[in-house]
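Visitor: Can you walk me through this one? I would like to go element by element.

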Amino acid sequence: MTFRVRPAGNDDFPAIYEMAKLTGGGFTNLPPDRGALVDKLLRSQKAFQSDREEPGDELYLMVLEDAATGHVRGTCQIFGTVGMQQPFYSYRLSTLTQTSKGLGRSFRAEMLALCTDFEGCSEVGGLFLHPGERAGGLGLLLARSRYLFIRQHRKRFADRVLAELRGVIDESGRSPFWDAIGGRFFGMDFREADEFNAMHGTQFIADLMPKTPIYTALLADSARSVIGVPHPSGRAAMKMLEREGFSWDCYVDIFDGGPTMSAQTDQVRTIREARELQLAEVANEVEGEPMMLAAGRLTGFAACYGSVRVLPDGSAVLARAATEALGIRPGDCFLEMSR
């Protein structure tokens with residue numbers, strides 16, 4: 001069975017919508033709203049068809065497809081830049097130390113300050129894998145296909161890339177972080193605010209969110225304890241990001257307090273270490289450890305797993321299933337990266 005990642009098309013809408021309904025909330029980039037998803041598909045198709053050669057406000061939506069059956073079992077997204085059309089807000093967690101000579105004591109206070117420090121950065125997000133396929137490295141394929149796409153189209157992306165991880169949400173769909181801060185100013189619960197943001201953007205944050213720093217000592221313990229903590233389902237994703245070179249620098253999501261991680265684009269491991277090979281020969285089978293492969297540009301982009309045999313002249317042999325999934329033939333070039 002060969003799975004591949006490819007650009008999403010109109011026919012993928014039913015599968016994407018069904019997956020959006022499985023996310024369980026707090027997944028802004030994949031809202032269970034038909035209109036919002038249609039808009040995302042249209043925006044993505046426009047991006048893939050663009051001839052732009054510099055970072056812009058594009059969205060690239062891709063899907064994980066079973067190449068044999070055509071069934072879509074996952075999705076992921078890349079944003080060319082964030083914060084260009086609407087502000088991209090984060091909270092920056094910082095520390096203020098104050099000393100009283102009279103008391104002979106120093107106090108360290110943590111504060112959350114609203115900021116737009118990530119404006120102009122690229123973003124990877126929207127990764128969702130169907131519960132029935134969470135094995136065999138498919139989540140890793142989805143995640144790293146985004147970096148291979150960036151490598152293939154490097155001029156379209158900024159020099160810094162970020163990834164937001166979903167924060168802690170309880171079984172009833174409530175966010176302790178939101179209830180302690182945003183819920184006090186917006187008159188709506190977390191789910192309502194999250195859905196509104198997914199469909200209408202962040203301007204309402206600029207309109208209503210307090211601009212002064214918030215001392216975390218004033219928050220309930222339940223809120224303080226989840227600042228910068230990923231949702232349990234996102235811990236594996238956080239480890240994958242760390243292996244790619246992403247780090248957490250005290251930025252958190254303004255809705256659920258989840259960590260926002262970032263890296264210099266050219267230092268992301270997959271982007272930095274992937275090598276380009278030329279296909280010399282197609283074989284029925286190739287022995288060896290499956291590698292991560294990608295080929296093609298824009299609407300022709302595809303990524304999959306496949307074994308590679310490198311010949312003495314530096315060209316390569318691939319199994320037929322991999323070449324068919326990638327849509328390449330002898331003479332074409334492809335990217336190869338270890339798992």
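Guide: This is a predicted model. To begin at the N-terminal end, strand 1 (residues 3-7) and strand 2 run antiparallel and are joined by five bridges.

Visitor: Which residue does Arg4 stand opposite in strand 2?

Guide: Arg4 stands opposite Glu65. Glu65 also has a partner in strand 3, where Val72 stands opposite.

Visitor: How many bridges pair strand 2 with strand 3?

Guide: Seven bridges, with strand 2 and strand 3 (residues 72-79) paired in the antiparallel sense. The two strands form a hairpin with five residues between them. In that turn, Gly70 has a positive phi of about 85°.

Visitor: How many residues of strand 2 are buried?

Guide: Eight of the eight residues in strand 2 (residues 59-66) are buried, and the strand is described as mostly covered.

Visitor: Which residues point which way from strand 2?

Guide: Leu59, Leu61, Val63 and Glu65 point one way, while Tyr60, Met62, Leu64 and Asp66 point the other way. Both sets are buried, Glu65 and Asp66 included. In a regular strand, side chains alternate between the two faces of the sheet.

Visitor: Next, strand 4. In what sense does strand 4 pair with strand 5, parallel or antiparallel?

Guide: Antiparallel, over eleven bridges, with strand 4 at residues 90-100 and strand 5 at residues 105-115. One pair to look up is Ser94, whose bridge partner in strand 5 is Met111. The hairpin of strand 4 and strand 5 has four residues between the strands, and Gly104 there takes a positive phi near 70°.

Visitor: And what about strand 4 and strand 9, how many bridges?

Guide: Two bridges, and strand 4 and strand 9 (residues 247-252) also pair in the antiparallel sense. Tyr91 has Val252 as its bridge partner in strand 9.

Visitor: What is the phi of Cys250?

Guide: Near 70°, which is a positive value in a residue other than glycine. Cys250 is located in strand 9. Its relative accessible area is 25%, so Cys250 is partly exposed.

Visitor: Where is Leu298, and what is its phi?

Guide: Leu298 lies in the loop between strand 12 (291-295) and strand 13 (302-306). Its phi is near 50°, again positive in a residue other than glycine.

Visitor: Buried or exposed, for Leu298?

Guide: Leu298 counts as buried because its relative accessibility is 15%, and the cut-off for buried is under 20%.

Visitor: On to the helices. At what angle do helix 1 and helix 2 pack?

Guide: About 130°, with the axes of helix 1 (residues 13-20) and helix 2 (residues 34-49) 11 Å apart. That angle makes helix 1 oblique to helix 2. Helix 1 passes helix 2 in a right-handed crossing.

Visitor: Which residues meet there, between helix 1 and helix 2?

Guide: Helix 1 supplies Phe13, Ile16, Tyr17 and Ala20, and these meet Arg34, Leu37, Val38 and Leu41 of helix 2. By class, this contact of helix 1 with helix 2 has seven nonpolar residues, no polar ones and one charged.

Visitor: How do helix 3 and helix 9 pack?

Guide: Helix 3 (residues 138-152) and helix 9 (residues 235-244) pack at about 40°, with their axes 11 Å apart. That makes helix 3 oblique to helix 9. The crossing of helix 3 past helix 9 is right-handed.

Visitor: Which residues make the contact?

Guide: From helix 3, Gly139, Leu140, Ala143, Arg144 and Tyr147; from helix 9, Met240, Leu241 and Glu244. The contact of helix 3 with helix 9 divides into five nonpolar residues, one polar and two charged.

Visitor: Two leftovers. Where is Arg224, and what does it touch?

Guide: Arg224 is in helix 8 (residues 221-224). Leaving out residues up to four places away in sequence, Arg224 touches Thr216, Ala217 and Leu219. Arg224 is partly exposed, with a relative accessible area of 33%. Arg224 and Phe177 are 47 residues apart along the chain, and their C-alpha atoms are separated by 7.4 Å.

Visitor: And where is Pro131?

Guide: Pro131 is in the loop between strand 6 (122-129) and helix 3. With a relative accessibility of 46%, Pro131 counts as partly exposed. Pro131 and Arg272 are 141 residues apart in sequence, and 31 Å apart in space from C-alpha to C-alpha.

Definitions and conventions
Residues numbered from 1 in each chain as written. Predicted model: local features only at pLDDT ≥ 70, side-chain atom pairs only at ≥ 80, totals over all residues. Heavy atoms only, no water. Axes fitted to C-alpha atoms, helices over the stretch in contact; angles between N-to-C directions. Parallel < 35°, antiparallel > 145°, perpendicular 65-115°, else oblique. Left-handed = near helix turned anticlockwise from the far one by under 90°. Contact = heavy atoms within 4.5 Å. Nonpolar A, V, L, I, M, F, W, Y, C, P; charged D, E, K, R; others polar. Pairing = 2+ DSSP bridges. Buried < 20%, exposed > 50% of the residue type's maximum accessible area, 1.4 Å probe, protein only.
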